[in-house]
Amino acid sequence: MEILRYAAFTDRADGGNPAGVVLDADDLSAGQMQAIAAELGYAESAFLSRRSPGRATVRYFAPEAEIPFCGHATIATGVALADREGAGDILLSTPVGPLDLRTARVGGRFVASLVTVEPRVDGIDDDVRHELLQHLRLGEADLSDDLPVLLSFAGNTHPIVPVRDAAVLRGLDYDYDGLKGLMVVQGWGATVAVVHRLGPDVFEARNPFPPGGVREDPATGSAAASLGAYLRARGEVAPPATLTVHQGSDVGRPSVITVHIPPAGGMTVSGGAVRISA
């Protein structure tokens with residue numbers, strides 16, 4: 001068994017979001033996968049099994065829990081496969097349903113794209129919203145006047161919390177234990193997407209990830225996809241549209257996530273990845 005290490009949504013080894021990738025995990029138990037993910041300490045790691053031409057099963061593990069879906073580890077997996085076998089398409093069986101993963105060589109490097117499951121956007125209970133903001137240490141005056149706090153799903157459920165300006169985003173300092181407790185109770189197994197709009201289709205984001213045992217995720221593909229679904233549902237973009245999400249600078253690992261927003265159906269999340277160790 002070989003454990004590969006890639007940084008996703010970046011073109012440099014010290015940027016993006018690191019992920020562990022195991023391309024042959026058939027003989028690993030869930031406990032062994034969890035132990036590997038914990039030892040790596042990355043936000044998530046991906047484990048492939050039952051590989052056949054054009055198909056594979058994948059499971060995702062954060063340091064403290066299994067996660068139904070992970071964007072950056074999927075992108076890392078796509079580039080890892082392309083590095084070994086060349087560009088191509090593969091259908092991944094995931095806990096949230098089938099995902100199309102595609103790779104292509106662009107400008108001398110491999111870029112991977114995944115198509116999410118059908119997204120949905122829901123409201124949030126007032127009491128839950130109040131507690132969420134309390135744990136994020138945000139007040140109503142910190143929030144965007146134009147974009148509401150909602151729940152958005154594109155493989156994982158992410159609270160989308162738009163803030164009024166970059167200063168609020170830079171100053172984010174949340175209650176780790178309190179937010180983790182709320183997210184566990186609500187069944188939010190991934191991140192909270194705190195976002196600031198830089199332009200009609202450009203955002204910057206910070207993503208607390210306490211359910212996985214991670215203070216802050218440097219690049220969250222599933223959250224970016226959920227943000228794309230949120231913007232489409234609210235009529236904030238005119239599909240087909242392309243969303244760019246900047247993330248990770250606040251934790252020293254800048255990343256860029258691209259989301260194609262179609263008129264209907266799943267979001268397409270794209271990015272490169274760089275191997276960060278042999």
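## A tour of salt bridges and a buried glycine

Select Glu-216 and Arg-206: these two residues form a salt bridge, with their closest N and O atoms 2.9 Å apart. Glu-216 belongs to strand 14 and Arg-206 to strand 13 (residues 202–209), so the pair ties together parts that are 10 residues apart in sequence. The model on screen is a predicted one.

Are these two partners buried or exposed? Glu-216 has a relative accessible area of 14%, which is under the 20% limit, so Glu-216 is buried. Arg-206, with a relative accessible area of 7%, is buried because that value is also under 20%.

Keep both residues selected and add Arg-170, Glu-204 and Asp-250. Together, Arg-170, Glu-204, Arg-206, Glu-216 and Asp-250 are linked in a network of salt bridges.

Now centre the view on two members of that network, Arg-170 and Asp-250. Their side chains meet in a salt bridge of 2.7 Å, N to O. Which parts of the chain does this pair link? Arg-170 sits in helix 4 (residues 166–170), while Asp-250 sits in the loop between strand 15 (241–247) and strand 16 (255–261); the two are 80 residues apart, and the pair links distant parts of the chain. Arg-170 counts as partly exposed, at 39% relative accessibility. Asp-250 also counts as partly exposed, at 28% relative accessibility.

Next, select Arg-215 and Asp-173. This pair forms a salt bridge in which the closest N and O atoms are 3.4 Å apart. Arg-215 lies in strand 14 (residues 214–217) and Asp-173 in the loop between helix 4 and helix 5 (176–186), so 42 residues separate two distant parts of the chain that the pair links. Arg-215 is partly exposed, with a relative accessible area of 39%, and Asp-173 counts as partly exposed at 44% relative accessibility.

How many salt bridges are there in the whole structure? A search finds 17. Side chains of opposite charge can pair when their charged atoms come close.

For the last stop, leave the charged residues and select Gly-271, which is part of strand 17 (residues 268–277). Gly-271 counts as buried, at 9% relative accessibility. What does Gly-271 touch, leaving out residues up to four places away in sequence? Show Phe-9, Ile-75, Val-111 and Ala-112: Gly-271 touches these residues. Then add Val-79 and draw a line between C-alpha atoms. Those of Gly-271 and Val-79 are separated by 9.4 Å, although the two residues are 192 residues apart along the chain.

Conventions: Residues are numbered from 1 along each chain as its sequence is written. This is a predicted model: local features need pLDDT of at least 70, side-chain atom pairs count only at pLDDT 80 or more; totals for chains, interfaces and linings use all residues. Side-chain values use heavy atoms; hydrogens and water are left out. Helices (H or I, at least four residues) and strands (E, at least two) are DSSP runs, numbered from the N terminus. Buried means under 20% relative accessible area, exposed over 50%, partly exposed in between (1.4 Å probe, protein chains only). Contact means heavy atoms within 4.5 Å. A salt bridge is a side-chain nitrogen of Lys or Arg within 4 Å of a carboxyl oxygen of Asp or Glu.
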